[in-house]
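Trainee: I am new to this structure and would like a close look at one part of it. Please take the largest cavity and what surrounds it, and go through it step by step.

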Amino acid sequence: MTQIQSAQVIAGHLLQETGIALMDRDCDAFMRHIAFPHTIETFQGEQRIETEGHFRAVFQSFRDHLCKIGVTDAVRRVIEASFKTDTRIESTHEVRLLNGDVLVQTPYVAYSVILWDGKEGRWKIASSIYAITDAPELNAALVTVA
């Protein structure tokens, strides 16, 4: 690593960048911040994503669901983030899915593992666990794409 930053700042930056890419439907910009293999887990299951093609399918599934429920903004904020090693951050964040200023989904929490990619010289999200208790279709959009 060339620069020491706080885990909160790093996690917040990744949330900001991936949030913009998600709302812009820009899978390439989102994927720039993803480590492969990548794991996504919800209460409905887990999937390991090995390829960019598979990630694109999951991204599209999630975007399709957001459109279906009328999401115009995804507001995400870091709750806590800390270094576990020099190359590993563990972070939790809250997600609020909105249509304008109206909440369209009960807020939920996600836990992510963020790893330093020494080859590319930046932090990437390696896995995420989503605690979505009341939206089986949202969970399915994240873990049922093969």
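**The largest cavity and its surroundings**

Mentor: The lining of the largest cavity consists of 20 nonpolar residues, 6 polar ones and 1 charged one. This is a predicted model. The structure holds 1 cavity of 30 Å³ or more, and the space in the largest cavity comes to about 380 Å³. Its lining has 27 residues, and those closest to the centre are Thr18, Phe30, Arg76, Ser128 and Tyr130. Two or more lining residues come from each of these elements: helix H1 (7–23), E1, H3, and the strands E3 (73–85), E4 (88–99), E6 (108–117) and E7 (122–131).

Two of these elements, E1 and H3, can be followed further. Strand E1 covers residues 34–42 and pairs with strand E2, residues 45–49, in the antiparallel sense over 5 bridges. The two are joined by a hairpin of 2 residues. Within this pairing, His38 has Ile49 in E2 as its bridge partner.

Helix H3 has 17 residues. From its first C-alpha to its last it reaches 24 Å, close to the 24 Å expected at 1.5 Å a residue. Its buried residues are His54, Phe55, Val58, Phe59, Ser61, Phe62, Arg63, His65 and Leu66. Just after H3 comes Gly70, with a positive phi of about 80°.

Aromatic rings link E1 and H3. Over the whole structure, a search finds 6 aromatic pairs. One of them is formed by Phe36 and Phe55, an edge-to-face pair with 6.1 Å centre to centre and 90° between the planes. Since Phe36 lies in strand E1 and Phe55 in helix H3 (residues 52–68), the pair ties together parts that are 19 residues apart in sequence. The two partners can be set side by side: Phe36 is partly exposed, at a relative accessible area of 31%, whereas Phe55 is buried, at 4%. The cut-off for buried is under 20% relative accessible area, so the 4% of Phe55 falls below it, while the 31% of Phe36 does not.

A further edge-to-face pair is formed by Trp116 and Trp123, at 5.3 Å centre to centre and 65° between the planes. Trp116 and Trp123 are both buried. Trp116 falls within the range of E6, and Trp123 within that of E7.

Back at the first pair, Phe36 and Phe55 belong to one aromatic cluster together with Phe30 and Phe59. Phe30 leads back to the cavity, as one of the lining residues closest to its centre.

Technical notes. Residues numbered from 1 in each chain as written. Predicted model: local features only at pLDDT ≥ 70, side-chain atom pairs only at ≥ 80, totals over all residues. Heavy atoms only, no water. Pairing = 2+ DSSP bridges. Helix = DSSP H or I, 4+ residues; strand = E, 2+ residues; numbered from the N terminus. Phe/Tyr/Trp six-rings, centres within 6.5 Å; stacked < 30°, edge-to-face > 60°. Buried < 20%, exposed > 50% of the residue type's maximum accessible area, 1.4 Å probe, protein only. Expected span 1.5 Å × (residues − 1). 1 Å grid on protein atoms, 1.4 Å probe; cavity = no way out; pocket = protein on both sides within 12 Å on 5 of 7 lines; lining within 4 Å. Points joined across faces, edges and corners; volume = space filled by probe spheres on them. Nonpolar A, V, L, I, M, F, W, Y, C, P; charged D, E, K, R; others polar.
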